[in-house]
Structure formats: structure tokens, C-alpha cells
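Please open the structure in a viewer and keep the sequence panel at hand. The tour below proposes one selection after another and describes what each of them shows.

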Amino acid sequence: MSTSKKINKKDIGKILSQWNQEFTVLVPSKEGDVSKMARWDGKDTGFMDSHRNTVQPVKTNFFPPMEEMFSFQKDKEGYHIEPVSPGEHKLLIFAIRPCDANALAILDVAFKDGYEDPYYLSRRKGTVLIGLGCTNPYDSCFCTSMGSSPSDSTNVDIMLTDIGDEFLIEEITETGKEMIARTEELEEAKKADEAKAKQVKEASYNKVTRKIDTKDIDKKLLACFENKDYWEEVSAKCISCGICTFLCPTCYCFDINDDSFKKQGARFRSWDSCAFPVYTRMPMENPREEKWRRVRQKVCHKFEFFPMNFGSIACVGCGRCIRLCPVNWDITQAIESVPEIT
Amino acid sequence: MTVTNMSQGKRFFASDNVYLPHLAIIEKIIEETPGVKTFHFNFKDEKLRKEFSFKSGQFAEYSVLGVGEAPFCISSSPSRSDHLEFATQQVGKVTNALHRLGVGAEIGVRGPYGNGFPLDFLEGKNLIFVGGGIGLAPLRSLIWNAIDNRGKYENIDIIYGARSPGDLCFKYDLDTWDKDKTINIVSTIDKEDKGWSGRVGFVPKVLEEVAPSASNAVAIVCGPPVMIRFTFPVLIKLGFTPGQMITTLEKKMKCGIGKCGRCNIGNLYVCRDGPVFTYAQIKNFVSSEY
Amino acid sequence: MKNSEIEQRLRQEAKALLEQGKVDYIIGYETGSLKFTTTPLITRNKDDVERLIVSPFIVNNLSVYLTEIKGKAGIIAKGCDSRSIVNLMQDNKIAREDVVIMGIPCPGLIDLKKIELLLGKDRDEFDSVIRHNDRAVTTINGKEKDFPIAEVLFDNCLECEFPVPQEYDVLLGEPCAPVTGEVSKKTSIKELEAMPRGERWNYWKEEFSRCIRCYACRDICPACFCQRCFVEESEPQWVSPTPKWQDNLMFQVTRNIHVAGRCTDCGECERVCPMNIPLRSLAKKMYDIVDEQFQYKAGMDKNAPPLLTAYEAAEAEDFIR
């Protein structure tokens, strides 16, 4: 007997409603035409028609563009600092793509390492991820070169595969297994369904046409660190905006600022980007004044420094940076152009 | 040689949240130079005051609530703990706000962060301190720590300089160290100045002239980036190996705990893996990024 | 003249400029790494000029690179781009002799986002998109579908008054007339002006709540050439770096004021916004205000002083109380 289940796409609302009792269910939504994971309204399942990844990455739900860290007030006794209460989140993210799920695993490492980040981790705690395999990758996708694939279920609890009118449902983690056990309206999957899913997964893998070779990329980058001519050429058309880093599911740099009015205020953190000239600006000097140093930093952080610290490349091949870059600066072209070690 | 692993140090969190500052009161302000002040402070919370500990070379993030937060090393020595100190130059939004504060004002403090100087490694060795301007602040913590534990270390040599006599920081310390027979101190200023009868010359140049021996020695360097960049080649010339050269670096910081990303040199974060580094650790990236 | 002929001439010109040492860089367009996309080509190498292309998708306003290039540049410019270049000359950011302008009369560029909305598919799923005079012909899975060109051109192309470059050293292609067609389907100035104020305020509040302060609008704009942007000042802090909608709105409005009289309505700000905020509605309104109040359009005369830095004694002062 197979352990897979399945459900007709038309009936998705039925299982989402069940999960909605226990979790805050997030589904792919459009907000001003810019898709992101947002709270399910309880009835609309039109998002099922869209078969591609959201514009805004899932990191937005755990590490938002802006969040309050604490507030403070001053009275005659002095200051009083009021921490933001973490709250109970219990999120369920429905139809997260393998690349975004892998990205969360990377962010988990970064936010846990050394000192734990209470804001990200409190949102992340208890989150259930229902993955949906991709059947129509973009021409900008390159997950297969980053140790993943359109059907990679490594970092999700339950994996869905589109087999036509139905989704095949596979349990991946213990949490996923328990959830499936207590979810009603699921049908048993037949051998034929599982065979179809296998076919779909293979076909999707082959649809990813963009490929890069990351073998020894960290060593190659180390060797050309001082090669100013190379980096100037690679960075020439970059305009130093924050689009690639902000829409990247694994980028996590942030800024901290205070806002206050009279005797009260709050401290916020907000997305920041190593691409900005002022990112490393100090009053007396700026080590990355020139654009080529900043572009070098971004590439080297993702493909050399992060792997040195944590063992994995901080890029999941989602391709958002390529699609959304105002000048079509392409990280896969940059990686392929890194000189060989002589 | 390994630099001390910072995660072994003690942590002092408010409400389990590493980003929340503790409140502290400023008890004394010393104007070191026009534009540089030392602040003496103590935590408001009695218990924290007693329990707080840190290592020389570590830093803390100081807040003027409503204005912002900035990192400065703790310039007092752990061996003298009736109060804590930090020194800062007035250069931007947060430091301007700090310099406007008076005694009794409340600031936020969170820390200590960073790895601190490797005391075990330094024990039994000749210590050569090379400092410039306000860069003396972190060195000062270690110098006093060494003086208070004098038996643990061999020779203590200090070469310290600033742009002009008025820019020399911690003059009260310089005087005291000058009188201490167990310490050799050479002060210098960049250019001739009437009223100054001591040495004249940039710190790296004076270092070359003084030419301390590299045998069983460790050089500890701190100052403006340009000074550090020119000091390393001099030390190499004098026979110091990359493992014998320690520096404490400064980068733009926000979180202070290795999360926000901006203070990195290569794969190392100045706030988490530093600010104390050996030259061996950073030499791949130092000429280009620092 | 067909695009392929223009390309041939362009490549010859560009190569000659580099070979004769008249310029240090050529700045043009080449095929991008995604379907239909083009990307800036900035090169010193005369062999690279073979990659230069001209197509209905050459969107970037390349003049944005002129303030950072070190040396002389040979640059490809459409109508709006050439006015941006003239602007930079008016503002003394570049000298006329440091730039060789290869002008391309522009019949309008195709907005792939509009085609994606019309066809309900993403651009990498199209087989082809070709312009035949006043129609755009798309092919998906072998099936053709065509649209009146006015439905798929960029909004600012539909309102373009000067498709032929104002200033150039060589003109590649035949001069063309401005595109005529209905003004855009996106929220237009007229629609906004018809909204009651409360509704309009809520409209912008919602739009700017999506802004993530990526600054792409600022960084892609050739008129935003300040070394230190006002948003990066902390003393005084004009605008909070935290992306609250009020600060986001203030940033954009202030930016529009700063580029008033410099903006040539190239539309890049709106094209690049990843959050689909209708930035051109603000930029174009400012453009119209400048036109109405000062009878001035940016980038038409390289010898004219920049609009808001010139003063004449005869100017009205009745608004000063």
C-alpha cells in the first residue's frame, strides 16, 4: 500500500479549510499585481491557476521589509523599553516552491547561528510547509544547478505534485505525516498516480534549461578577489539598486533605525542591501565606495563566504534577480565568467 | 593561534532578546580632545552591575534612544570594574547625540560583543602596542589589564601617536604610563608643533625607528585604517610573522552580532569573529577592503 | 529602414569610433539573457560591437551611465534618451565633446508586461513578438495573435512627442512621427485628478505601502545623478530609511520635485519598480506641471540653463507673499 495520498485540484479548498482551523494559512496571492504568500481569505482558490513562483519570496513572511524591534517611552523616571511580544504564529505556507523552501533552510542557519534572532525565529517556529513542485519553470530558473530540482522536497513537510487534475500528496517529515493522518477528504493514491508523478518530476527537471557549474567556485572567486579589471567589467551595467537582494529569498542584510516623536519612539529593522553605496559608509571612509567592490561582495558572499561559514551556497536558483533586474544583470553569466584558476 | 571563540563568553540579554538594550546612566564625561569624549557609565540594574563581565577588546552597542545605536569598544579594563567606559569621536548622528548628553543621562547598552584579545596567547610574551588617535581606546583596556596582572607579561612597549598634541587621547594615562618604570612609551605627533618637544613622525615611521624586537613578541595595533595598513609592512620588515600581529578593526556596524551582514571582511564578521584579528586571518582581504 | 540595416550601420559607426580613438567606451544594447530582453552593453573592445542590436525591446535609458563612465563615450540614444543626455549637459555633468551620440528615431517600444496581461502568459512562454508597422504579432505554441500596436507600447511611448533625438552626431534610421494612440490603460493623470481627494490619498497610501525602498526608480533615472541622495542624509534626516508608507511617499514626491525640469518621461522609473507602483503617474504629472507653468520641456536645448536654477528679473513674483 502506498503512503501517498491525492486530492482533486477542485477540492483544495476543503483541505485548506481544515488546516485553517489550526494554522494561519498563507497561499500565493496577488497584492497590487505583485504576487506573494498572503493570508488565505477562506474561500478563493483561484490562485491554483497560477503555476509559477511568486514575485516576492517567502522570506517576506518571516523577515518582512520592516518590523518593529521594540518601543520606548520616557518619563520622569527615565526610559522604559517595551519589547515586541513574539506572539503565536503557527503559519502554514501552502504551495511553497522547492527553491523558496531551501532558502528558508539557509535563512534558518543564518538567524540561528551564534546569537538567535528572536523575531525571525518566533515567526518560523511551528511553521508547516506544504511544497508544490514546479511543472513550468521560468527560463530564469536554475535550481537544478544548485543541488535542487523543481520537485525537491528536502525542506518541506508535505510535497504536492501536479499530476493533471489532481495533486499527489507525499508525506516528507513526521509533522507532515501527522497532518496527513488527521486531514479528511484525501484519497489514496494509486500506483498509476505515483508513476505519473515520477514522470512529471523527470519532465520538470529537464525543463530547467539554465545551468551553471559551481564546482570549486569558492576557490575560483578567492583567486580572482584582487582582479579589479574583471570585477569592473562584470559590474559595469549594474545600477546599485536593491532589487536583486530584496527579492532574493536568501538575502538577509538589514538596517536598524530609531524613530521617535517627543518622548516616545521605536526601533525598527528594515531590509538593506550590500549593493547600496551607503551600506558600508562610515563617517571617515567607505571600504566599498566603488561599484565593482559591491558587486564583488554580493557574488563572493553568496558563492564563497557563506559556504565557508555554513557549508552551502547562499543561492537557490530561483532566478528572481535575473527576471527583475532593471538592466538584466545575470548572476549565472557572472558565475560562468569567473576566470579559471591559473 | 586561535582567537578566542566569542560564544564562550557570557551573555547578558534583556528579556531573552539580544537586540534589547539595557539602560545605563552616564556618571562622568571626560573631554579627551575637542571632538573626543570618554563616558563613564553604570547599568541601572543593580544585579546586572554586579554580574556584568567582559574581556578587553570587546565592544558594546550604545544607544541614544530615538536617535540610534553605534558600536564602541569598552575602553575600561575588566580588572577595574566599579564602572565601565567608552570613548567616541563626534562624527555623525549618534555620536553627535551622545556628545550632547550630560552626566545623569540615560543611554542604552547591549553587549559585550566580539571576541576580545587572546589573553592566553599573550601570556608570557613581550607586548608591543601600536596606537593612533582614538585607536588607543581598545588598547588601553588591555594595557591596564596587563598592568594589573603585570607578572603575566614580559616587556610592555607602547608607541602611540596622533595628528597633533591636542589630538592625543587619554593624556592622563600617557602620563601615568610614562612614569611607570616597567613600561616603555613613545608618543609622537604627525607634524612639528611648537609646545611639543617629543618625537615627530607618523606612527608607522616611528615604529620603524624604535624597531622593537620580534622575538617572543606580539604586536597589537589599533588606529585609523591608513595607519594600520602602513604598520603591517613595517612589522613584517621587523620580523613579525602574521600570527604575531594582532589588530582590532572597525567597520560600519548595526546589529553587532553577525546578522545584519555589513561588517564583513571576506567570510569573517568584524563584530562576531573580531574585532580582534591576527594579520594571518585578514591578509587575503586587507589590502583591498581595508 | 529595417532594424537589421540600422544595426549594421550602428556596428560600423561604433567600431570606427573605437578604432579611431574618438571614444573610450561604446554604450549600447545587446541581447539579454532572457527571452526578448535586451541589456546594456558597455565596452571598450571593438570586437564587442558586433553584439550591438536594435529592436522593439531596447528599453534602458543608457544616459544613466554617462555620469560614471571615465572617459569619452559613444552612446546609442532614442528620442527620450537624447533629451536626458542634453539634460546632463545643461547640468554640467558631461561636456558635449565627451560624448558621441548615435541617435535612433524610435517608433515606440513594446511593453512585455502588457502583452503578458493580454495573453495571460509569461514572456518566456511566447514564441515570438514582432512588430509589423501598426500591429504587434505574437506567437504562442504556433498560434498567432495580433494587437493594435497602441495596446502594447509603453505608456510613455504613447504620449511621446519627440521620437527623433534632439541632439545627435549621427542619425541611424529614418525620422519617424510620434505614435498616436489612446493614452494608457494604467491609472492615468486624468483618472487620478477625477478622484476626490480622500480617495486619491488612500490610493497612494495603498500603493506606497508596497514600496520596499529598493531605490531602483532613483538609480535607473539619468536625472538622479546626485552623489549623495537626500534619503541618505542622517543629519538632518529628511526621510526615514524605514519603509513606512508615509516616508516612501515623501521620498518619491521629493525625488520628482528634485528632477522637475530634468525628467524626459522616459518611463524607466515605472518599468523597473518591482512592486508595480504607478510611479509615472507622479513623474508625468510633474512633467505636465513644468510644461504648463514654465512652458519648458527638458533636454531640448543644450545651451539653455537648467529650468529651476535660472532666474530672470521679469519672472512672476505674485506667489511670494
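Begin by selecting chain C, in which 58% of the 321 residues count as buried. Please bear in mind throughout that this is a predicted model.

**Chain C as a whole**

Colour chain C by secondary structure: ten helices and eight strands appear. The radius of gyration of this chain is 20 Å, close to the 20 Å that the globule rule gives for 321 residues, so chain C is as compact as a globular protein of that length. Turn the C-alpha trace along its principal axes, and chain C spans about 60 × 50 × 35 Å.

**The five-stranded sheet of chain C**

Next, display the strands β2, β1, β3, β4 and β8 of chain C, which form an open sheet in the order β2-β1-β3-β4-β8 with mixed pairing. Its edges are β2 (38-43) and β8 (170-171) of chain C, each of which pairs on one side only. Zoom in on strand β1 (residues 25-31) of chain C, which is joined to β2(C) by six bridges, the two strands running antiparallel. Within this pairing, select C:E30 and then C:T39, its bridge partner in β2(C).

**The three-stranded sheet of chain C**

Move on to β5, β6 and β7 of chain C, which make up an open sheet of three strands in the order β5-β6-β7, with antiparallel pairing. Here β5 (128-132) and β7 (143-148) of chain C are the edge strands, and each pairs on one side only. From one strand to the next, the twist averages 20°. Strands pair in a sheet through backbone hydrogen bonds, so it is helpful to display the backbone at this point. Between β5(C) and strand β6 (residues 135-140) of chain C there are five bridges, and these two strands run antiparallel. Select C:I130 to find C:V137 of β6(C) standing opposite.

**An enclosed strand in chain B**

Turn now to chain B and select strand β2 (residues 36-43). Eight of the eight residues of β2(B) are buried, so this strand is largely enclosed by the rest of the structure. Show the side chains: B:V36, B:T38, B:H40 and B:N42 point one way from β2(B), whereas B:K37, B:F39, B:F41 and B:F43 point the other way.

Which strands pair with β2(B)? One is strand β1 (residues 22-33) of chain B, joined to β2(B) by eight bridges in an antiparallel run. In this pairing, B:E31 stands opposite B:K37 of β2(B). The hairpin of β1(B) and β2(B) has two residues between the strands, and B:G35 takes a positive phi near 110° there. Another partner is β5(B), which pairs with β2(B) in the antiparallel sense over six bridges. Select B:T38 and look across to B:A87 in β5(B), which stands opposite.

**Aromatic pairs**

Over all chains, the structure holds 40 aromatic pairs. One of them brings together A:F276 and C:Y215 in an edge-to-face arrangement, with 5.5 Å from centre to centre and 65° between the planes. A:F276 lies in the loop between β12 (264-271) and α10 (291-310) of chain A, and C:Y215 lies in the loop between α6 (197-209) and α7 (216-220) of chain C, so the pair joins two chains. Both A:F276 and C:Y215 are buried.

For a stacked pair, select B:Y62 and B:F86: the ring centres are 3.8 Å apart and the planes stand at 20°, under the 30 degrees that count as stacked. B:Y62 belongs to strand β3 (residues 59-64) of chain B and B:F86 to strand β5 (residues 84-89) of chain B, so the pair ties together parts that are 24 residues apart in sequence. Both B:Y62 and B:F86 are buried.

**Arginines over rings**

Return to C:Y215 and add C:R218, which lies over the face of that ring at 4.5 Å from its centre. In chain A, select A:R52, which lies over the face of A:Y138 at 4.0 Å from the ring centre.

**Cysteines**

How many disulfides are there over all chains? The count comes to zero. Select A:C321, which is in no disulfide, and find the nearest cysteine sulfur, that of A:C318, 6.3 Å away. Finish at C:C217, where the closest cysteine sulfur, in C:C214, is 6.3 Å away, too far for a bond. C:C217 is buried, with a relative accessible area of 9%.

Definitions and conventions
Residues are numbered from 1 along each chain as its sequence is written. Chains are lettered from A and ligands numbered from 1 in the order in which they are written. This is a predicted model: local features need pLDDT of at least 70, side-chain atom pairs count only at pLDDT 80 or more; totals for chains, interfaces and linings use all residues. Side-chain values use heavy atoms; hydrogens and water are left out. Rings of Phe, Tyr and Trp (its six-membered ring) pair if their centres lie within 6.5 Å; planes under 30 degrees apart count as stacked, over 60 as edge-to-face and the rest as tilted. Helices (H or I, at least four residues) and strands (E, at least two) are DSSP runs, numbered from the N terminus. Buried means under 20% relative accessible area, exposed over 50%, partly exposed in between (1.4 Å probe, protein chains only). A charge sits over a ring if NZ of Lys or CZ of Arg is within 6 Å of the ring centre and within 35 degrees of the ring normal. A disulfide is a pair of cysteine sulfur atoms within 2.5 Å. Two strands pair if DSSP finds at least two bridges between them. Axes are lines fitted to C-alpha atoms, for helices over the stretch in contact, and angles run from 0 to 180 degrees between N-to-C directions. The radius of gyration is taken over C-alpha atoms; the globule rule is 2.2 Å times the number of residues to the power 0.38.
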